[in-house]
Amino acid sequence: MTAPAELRTVVTVPARYRGPETAANGGWIAAVVAGALGEAAKEAPVEVTLHAPTPLDTELTLVHHGNAVTLCQDGAGLVEAIPVAEPLIEPGFVPFNEAAKAEEGFAGLDGHPFPECFVCGMREPGDGLRIFPGPVPGTAGLHAAGWRVPMSVTDDDGVVPVPVVWAALDCVSGWASMREGERALLGRLTAQVYRRVYPGGAYSVVGAPLPGAAGRDGRKLTAHSAIYEMDGTLVAVAKAVWILPRTAQDSQ
């Protein structure tokens, strides 16, 4: 019996959706690859593993194989998505005013490792999302920001695309996990979106590291994040694994 041919789709990441200066924002590209799963991406969480940075303004190939999708460059896998049955745990609601107040403590205001990031970078209003999560006083590691959704991130139908929602879930978990002076990259993001995000709306974006060794194991940092409506209704939730770069001490 002849095996079915793999379905291939060409994808290009516009430079607007960068995280590091020369690569795609991890949450954004994770959602693009997850979305290629079709209905499966709407019915259950999708786990997306980022094997290598995704270049900008470059023709890449989405390859469908079985129940998974892989984003490739010249045959090398960059990002892989697969549906999972893993229950995702939300970090906990922070009211919008408190979340917005927490932005005053955003660590990126004083030496941002990725100042061009579409989500948390110091981009012009309307160009980036400008989600600046800071620690929430009196909580066990919660970080939060008030997200005022710019009208400029909608598609041609006036809808905020799912990749923008996944992107918003991305960075808050990293900032909640990293210690002063650390710089981590997203290694895996598992997410599910339950409700639409509306342009011009106000949402709380919240993240927190998993407690104890579950949240920090060597170079691996694990955290969860969520987006909430003003009344606390859950919009989307995610679990992220961040990887710290190797140091000279690691190789000894």
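Which residue stands opposite Ala 68 in β4? The first close-up answers that, and the others take you through further parts of this predicted model.

**View 1. Strand β3 pairs with β1 and with β4.**
Start with the opening question: His 65 is the residue that stands opposite Ala 68 in β4. Strand β4 covers residues 68-73, and β3 and β4 pair in the antiparallel sense over 5 bridges. Between these two strands of the hairpin there are 2 residues, and Gly 66 takes a positive phi near 65°. Now look at the pairing of β3 with strand β1 (residues 7-11): these two run antiparallel and are joined by 5 bridges. To find your place here, pick out Arg 8, whose bridge partner in β3 is Val 63.

**View 2. Asp 57 and Arg 130 are two loop residues with positive phi.**
Asp 57 sits in the loop between β2 (46-50) and β3 (60-65). Its phi is positive, about 50°, although Asp 57 is not a glycine. Is Asp 57 buried or exposed? Its relative accessibility is 53%, and exposed means over 50%, so Asp 57 counts as exposed. Move on to Arg 130, in the loop between α3 (96-102) and β6 (134-135). Arg 130 is likewise a residue other than glycine with a positive phi, here near 55°. With a relative accessibility of 32%, Arg 130 counts as partly exposed.

**View 3. Helix α1 is mostly covered.**
This helix takes in residues 26-35, and 9 of its 10 residues are buried. Among the buried residues are Gly 26, Trp 28, Ile 29 and Val 33. Take a moment at the start of α1 as well, where a side-chain oxygen of Asn 25 reaches to within 3.0 Å of the backbone nitrogen of Gly 27.

**View 4. The largest pocket lies between two domains.**
The space in this pocket comes to about 450 Å³. Its lining has 27 residues, and those closest to the centre are Pro 20, Gly 26, Ala 184, Leu 185 and Leu 186. The elements that give two or more residues to the lining are α1, α4 (162-177) and β8. By residue kind, the lining divides into 19 nonpolar, 7 polar and 1 charged. Why is the pocket said to lie between domain 1 and domain 2? Domain 1 (9-83) and domain 2 (96-243) both give residues to the lining, so the pocket lies between them.

**View 5. The second largest pocket is lined by 14 residues.**
Its volume is about 270 Å³. Nearest the centre of this pocket you will find Ala 107, Trp 175, Arg 179, Glu 180 and Gly 181. The lining here divides into 6 nonpolar, 4 polar and 4 charged residues.

**View 6. Strand β12 pairs with β8 and with β11.**
How many of the 10 residues of β12 are buried? The count is 7 for this strand (residues 234-243), so β12 is largely enclosed by the rest of the structure. One pairing is with strand β8 (residues 185-193), in the antiparallel sense over 8 bridges. Within that pairing, look for Leu 185, whose bridge partner in β12 is Ile 243. Leu 185 may be familiar from View 4, as one of the residues closest to the centre of the largest pocket. The other pairing shown is with strand β11 (residues 220-228), which runs antiparallel to β12 and is joined to it by 9 bridges. As you follow the strands, keep in mind that side chains in a regular strand alternate between the two faces of the sheet.

**View 7. The hairpin of β11 and β12 has 5 residues between its strands.**
In the turn, Gly 232 has a positive phi of about 95°. Back in strand β11 is His 224, which stands opposite Lys 239 in β12. His 224 is buried, with a relative accessible area of 14%. His 224 and Gly 174 are 50 residues apart in sequence, and their C-alpha atoms are 9.3 Å apart in space. Finish at Glu 229, in the loop between β11 and β12. Glu 229 is buried, with a relative accessible area of 16%, and its side chain makes a polar contact with the side chain of Arg 195 (3.1 Å).

Terms used. Residues numbered from 1 in each chain as written. Predicted model: local features only at pLDDT ≥ 70, side-chain atom pairs only at ≥ 80, totals over all residues. Heavy atoms only, no water. Buried < 20%, exposed > 50% of the residue type's maximum accessible area, 1.4 Å probe, protein only. Helix = DSSP H or I, 4+ residues; strand = E, 2+ residues; numbered from the N terminus. Pairing = 2+ DSSP bridges. Polar contact = N/O pair within 3.5 Å; in protein donor to acceptor, adjacent residues only side chain to side chain. 1 Å grid on protein atoms, 1.4 Å probe; cavity = no way out; pocket = protein on both sides within 12 Å on 5 of 7 lines; lining within 4 Å. Points joined across faces, edges and corners; volume = space filled by probe spheres on them. Nonpolar A, V, L, I, M, F, W, Y, C, P; charged D, E, K, R; others polar. Domains from an automatic or database assignment.
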